Amino acid sequence: MLDQVLNILDRIPKIPIANPVSDFTDWIEETFSFFFEPVKEHFGPFLEDVSGLLQQIPPLIVMIIVAVLAFFLTGKRFGLATFSVIGLIFIYNQELWPQLMDTFTLVVVSSFFAVIIGIPVGIVMSKSNIVQNMVTPILDLMQTMPAFVYLIPTAAFFSIGMLPGVFASLIFAMPPTIRLTNLGIRQVSVELVEASEAFGSTFYQRLFKVELPMAKKTIMAGINQTVMLSLSMVVIASMIGAPGLGREVIRSLQRADVGTGFVAGMGIVILAIIIDRFTQNLNRQKGENA
Amino acid sequence: MPVIKVEKLTKVFGKRPKEALKLLEEGYSKDEILKKTGNTVGVNRATFEVNEGEIFVIMGLSGSGKSTLIRLINRLIEPTSGNIFVDGKNLSKMSKEELRQIRREKLSMVFQRFALFPFRTVLENAEYGLEIQGMDKEERKKKAKDALELVGLGGYIDQYPSQLSGGMQQRVGLARALANDPEVLLMDEAFSALDPLIRKEMQDELLDLQERMKKTILFITHDLDEALRIGDRIALMKDGSIVQIGTPEEILVNPANEYVEKFVEDVDRSKVLTAEHIMKRPETINIEKHGPGVALERMREEGLSSIYVVDRQRNLKGYITADAALDAKKKGIKDLTEILSTDVPQVSLDTSMQEIFNLIHDSPVPVAVVEGGKLRGIIIRGSVIAALAGSEVNLENA
Ligand SMILES: Nc1ncnc2c1ncn2[C@@H]1O[C@H](COP(=O)(O)OP(=O)(O)O)[C@@H](O)[C@H]1O
Ligand SMILES: [Mg+2]
């Protein structure tokens, strides 16, 4: 008797969710193939071209450019420039230069799209509480859902390679830009908004001449996070064939090759530090007179 | 025609303004309405007019609805009911586009905490209003510079607001408003964030500007001294309603109700009223142009027994009496300096009533109000006594 009560949970039939989701994914793939196909056809090769082009530039030139940029960006100090050059030499020395360029391309392209989509979405969100209430749970979902879960349908839509890597990082990395754009604009003080209104600004004048400049620091912090997240996604995206430093890590994982894995991991860390400091300094520079 | 006219203007904050509005009409108070409906009455059926070239002060304690009222006038806050007319046009019925035009051309606002754009230089801040009208760069730069010169900041145009002191920042705020050449300045506690000395300086400058530019100014303050100093007329607010409108003297001497009385009670009237408040425009003659004949003629016209003498720059030279002028004319003396009396009883603009009273008691001529050597006004015995008597009567009533 007691047994039967305790087993009551087992009597509930399994609710079919996995299958409908699969069907739904198939449906999307078919229905929107008019979108996925051309993207696959043109954008995939484009990404590889970019990476190929970067690899053509002699590494020494790349290092010099990075060093000069770092020097001026940090207010004519040598720290970041020195670190960048040593780090890049290390990566080159470990024969990971092509992988570095692949990873860099992935990060830049996905961050770029994350920002140009994220900022407008953040702006719309800041202007409407309804939109904010709708978008916030979606952002939560994008960030908390284990990345592997949406790697699978992504691979289904875009097959394998760089493209699904970009797409997956895009989804994973976009939320901070959206969130902080929204926050930055909402934080602009009431008096400043009133001032721009009182002088007869239009909606766009208020946005571009007051709100966005005031929110710039916050938005830049969001972009910094987006770039870092997109880098962190690169390793995971290698599971669906994205090339680059991440693939080296995965490969050594499969072969239990601790040494190679460590070196590739170091490469990712070096790139992460360089990118982080670059975007942070960009922010500091721009915000100086505020 | 008044520049601004406000009719039964009402603002209710909250979810059910209609209901609150009905209760207001039925005579319920702000507190009762808050308890009954959860709605806050910001402004309750305010009605007043502001005339051209006037400084109209709205005074009230914190929370009395002053900021809400001034923001209703340029519709930064949408009214719940009532009408706002600017130059006879009804703002409350205007489309967004028409409203924007009015804000650009007629109404400029100065804010309590300055509300300058921190990422713009002083000049760029002053340009803002013109920039959004699409004025070309050279022209708007020039106008913004002129406005900054006017407030004495010509040398700071390339600084950022954070590099300036509070007083200077508010001058930028003022310049930004003036650059548009608006008809009306809306000033919400514009000087309240400044320390007392700077505040007084700014008040003087505002009066100065007003004299030169003849703007209509709607000025908000919670400070009675400030209201008395700069207001041509003062409206007193309490719980969203206007409880009295009058000249500074009317407010002081005839408080409309207990609330107004309380407000002015702790002010010793004989101290608050200074020379500036009771002085009259002086009849004068010019020592460089006029002789005894003109002096006599002028005195006869105005029914005076003496007249003050100034030079072209209005520097006070002395006075002459009718007797002396008559004498001189008979003797054929042309030069006024020969009959000039220089023992002038003088006070400055902020001399208190008490002192003036003592001085005027045994003076044969009106007291001269002098600032920086220039004759600003005269005070006759009658006005001192009237003012003091008024305060006496009111103290007894209190
Ligand atoms: N946005 C708002 N929402 C709700 N209540 C408000 C709002 N703004 C002002 N109030 C209320 O309206 C009343 C008048 O406020 P305000 O105009 O700021 O007064 P003052 O400027 O005289 O200090 C106060 O009771 C205040 O709490
Ligand atoms: Mg206020």
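Begin at the boundary between the two chains of this predicted model: the area buried between chain B and chain A is about 2000 Å², and carbon and sulfur atoms give 60% of that area. To see where chain B makes its contribution, select B:Phe119, B:Tyr128 and B:Ile132, which together supply 27% of the area that chain B buries against chain A, more than any other three residues. If you then widen the selection to every residue in contact, you should have 27 residues of chain B against 18 residues of chain A.

**Polar and charged pairs at the boundary**

Keep both chains in view and turn to the charged side chains, for which the rule finds three salt bridges across the interface of chain B and chain A. Helix H4 (96-105), strand S6 (107-110), helix H5 (122-131) and helix H7 (166-179) of chain B are worth colouring at this point, since each of these elements supplies at least two residues of the side of chain B that touches chain A.

Next, select B:Arg71 together with A:Glu194; these residues form a salt bridge in which the closest N and O atoms are 2.6 Å apart. Then move to B:Glu131 and A:Lys209, another salt bridge, whose closest N and O atoms are 2.6 Å apart. Because B:Glu131 lies in helix H5 of chain B while A:Lys209 lies in helix H12 (residues 203-237) of chain A, this pair joins two chains. Beyond the charged pairs, the rule finds eight residue pairs in polar contact across the interface of chain B and chain A, with both residues at pLDDT 80 or more. For the wider setting, the structure holds 32 salt bridges over all chains.

**Chain A**

Now hide chain B and look at chain A, whose secondary structure comes to 14 helices and zero strands. The C-alpha atoms of chain A fill a box of roughly 80 × 60 × 45 Å, taken along the principal axes.

An unreviewed UniProt entry places the annotation "domain: ABC transmembrane type-1" on residues 100-279 of chain A. Selecting residues 100-279 of chain A gives a span that is 87% helix and 0% strand, with its end C-alpha atoms 18 Å apart.

Under "transmembrane region", UniProt (unreviewed entry) lists several spans of chain A, among them residues 103-126 and 147-173. Take these two spans in turn. Residues 103-126 of chain A are 100% helix and 0% strand, and the end C-alpha atoms of this span are 33 Å apart. Residues 147-173 of chain A, in turn, are 89% helix and 0% strand, and the end C-alpha atoms of this span lie 11 Å apart.

**Chain B, domain 1**

Bring chain B back and colour it by its division into domain 1 (4-106 + 182-267) and domain 2 (275-388). The C-alpha centres of domain 1 and domain 2 of chain B lie 40 Å apart.

Select strand S1 (residues 4-13) and strand S4 (residues 81-86) of chain B, which run antiparallel and are joined by five bridges. Within this pairing, B:Glu7 stands opposite B:Asn83 in S4(B). From S4(B), continue to strand S5 (residues 89-90) of chain B, which runs antiparallel to S4(B) and is joined to S4(B) by two bridges. Here B:Phe85 stands opposite B:Asn90 in S5(B). S4(B) and S5(B) form a hairpin with two residues between them, and B:Asp87 in the turn has a positive phi of about 50°.

**Chain B, domain 2**

For the next stop, select residues 278-336 of chain B, which UniProt lists for "domain: CBS" (unreviewed entry). This span of chain B is 37% helix and 24% strand, and its end C-alpha atoms lie 29 Å apart.

Finally, pick out the three strands of chain B that form an open sheet in the order S14-S15-S16, with mixed pairing. The edge strands are S14 (346-347) and S16 (374-379) of chain B, each of which pairs on one side only. Strand S15 (residues 367-371) of chain B pairs with S16(B) in the antiparallel sense over five bridges. To end the tour, label B:Glu371, which stands opposite B:Lys374 in S16(B).

Methods:
Residues numbered from 1 in each chain as written. Chains lettered and ligands numbered in written order. Predicted model: local features only at pLDDT ≥ 70, side-chain atom pairs only at ≥ 80, totals over all residues. Heavy atoms only, no water. Pairing = 2+ DSSP bridges. Helix = DSSP H or I, 4+ residues; strand = E, 2+ residues; numbered from the N terminus. Domains from an automatic or database assignment. UniProt positions renumbered as here; feature names shortened; annotations may be inferred. Contact = heavy atoms within 4.5 Å. Buried area = accessible area lost by both parts, 1.4 Å probe. Salt bridge = Lys/Arg side-chain N within 4 Å of Asp/Glu carboxyl O. Polar contact = N/O pair within 3.5 Å; in protein donor to acceptor, adjacent residues only side chain to side chain.
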